[in-house]
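Q: Hey, I've just opened this one and I'm new to it. Can you walk me through it?

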Amino acid sequence: MIGNLNHIAIVVPDLAAASEVYRSTLGADVSDPKDLPDHGVTTVFVNLPNTKIELLHPYGENSPIAKFLERNKDGGMHHICYEVVDIIAARDKLKAEGARVLGDGEPKIGAHGKPVLFLHPKDFCGTLVEIEQV
Ligand code: CO
């Protein structure tokens, strides 16, 4: 059911420092930061040949990643995102398999303007999973 790995998201305490690590130390193609107020994050995209790394930093008062950064002061891997062709069909299959879909279970428009859902980490090897319809 899942297709390509769309991105891995890493929450970082300092976007400029993290961008520099990826740009200079790792020699990657790194975007400028972009604020996404609706999502409560500022993002930097690291464009790799086969996928993307998203560096995330809290934006605004009620950022969904603020608590994560409090618990992980050096930052850390936040979620992985797999592509699916049909997010409703994927959701219904996951629910039928007993997996927990976070929130109200209805897809939201994610950071890339495409429908996304998040799945409970306890059901997926301790990793928060995002599925995105592409
Ligand atoms: Co994501």
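A: Sure, one term before we start: two strands pair if DSSP finds at least two bridges between them. With that in mind, A9 stands opposite H79 in strand 6. Keep in mind that this is a predicted model.

Q: Okay, so which strands pair in the antiparallel sense there, and over how many bridges?

A: That's strand 1 and strand 6, which pair in the antiparallel sense over 6 bridges.

Q: And what pairs with strand 6 in the parallel sense?

A: Strand 9, residues 129-133, does that, over 5 bridges. One residue to look at there is V84, which stands opposite Q133 in strand 9.

Q: Is strand 6 mostly covered or mostly open?

A: Mostly covered: 7 of its 9 residues are buried.

Q: Switching topic, there's a metal in there. What are the protein donors of the cobalt ion?

A: H7 and H79 each give their NE2 atom, and E130 gives OE. These donors lie 2.0 to 2.1 Å from the cobalt ion.

Q: How are those donor residues spaced in sequence?

A: The spacing reads H-x71-H-x50-E. H7 lies in strand 1 (residues 5-11) and H79 in strand 6 (residues 76-84), so the pair ties together parts that are 72 residues apart in sequence.

Q: Are H7 and H79 buried or exposed?

A: Buried means under 20% relative accessible area. H7 has 1% relative accessibility, so H7 counts as buried. H79 comes out at 5%, so H79 counts as buried too.

Q: Which side chain makes a polar contact with that of H79?

A: The side chain of E130, and the polar contact is 3.0 Å. E130 is also one of the cobalt donors.

Q: What else is H79 in contact with, leaving aside its neighbours within four places in sequence?

A: H7, I8, A9, L56, F118, L128 and E130. Among them is A9, the residue that stands opposite H79.

Q: New topic, cysteines. How many disulfides are there?

A: The count comes to 0 disulfides. A disulfide is a covalent bond between the sulfur atoms of two cysteines.

Q: Why is C81 not bonded to C125?

A: C125 has the closest cysteine sulfur to that of C81, but the two are 16 Å apart, so they are too far for a bond. For the count, the two sulfur atoms would have to be within 2.5 Å.

Q: And are C81 and C125 buried or exposed?

A: C81 has 0% relative accessibility, so C81 counts as buried. C125 has 81%, so C125 counts as exposed.

Q: Let's zoom out. How many helices and strands does the protein have?

A: There are 3 helices and 9 strands. Along the sequence they follow the pattern β-α-β-β-β-β-α-β-α-β-β-β.

Q: How compact is the protein for its length?

A: Its radius of gyration is 15 Å, close to the 14 Å that the globule rule gives for 134 residues, so the protein is as compact as a globular protein of that length. The C-alpha trace spans about 45 × 35 × 25 Å along its principal axes.

Q: What share of the residues count as buried?

A: Of the 134 residues, 41% count as buried.

Q: Last one: how much of the contact count comes from residues far apart in sequence?

A: Take the contacts with a separation of 6 or more: residues 24 or more positions apart account for 53% of them.

Key: Residues numbered from 1 in each chain as written. Predicted model: local features only at pLDDT ≥ 70, side-chain atom pairs only at ≥ 80, totals over all residues. Heavy atoms only, no water. Donors = N, O, S within 2.8 Å, 3.2 Å for Na, K, Ca; no water. Helix = DSSP H or I, 4+ residues; strand = E, 2+ residues; numbered from the N terminus. Buried < 20%, exposed > 50% of the residue type's maximum accessible area, 1.4 Å probe, protein only. Polar contact = N/O pair within 3.5 Å; in protein donor to acceptor, adjacent residues only side chain to side chain. Contact = heavy atoms within 4.5 Å. Rg over C-alpha atoms; globule rule 2.2 N^0.38 Å.
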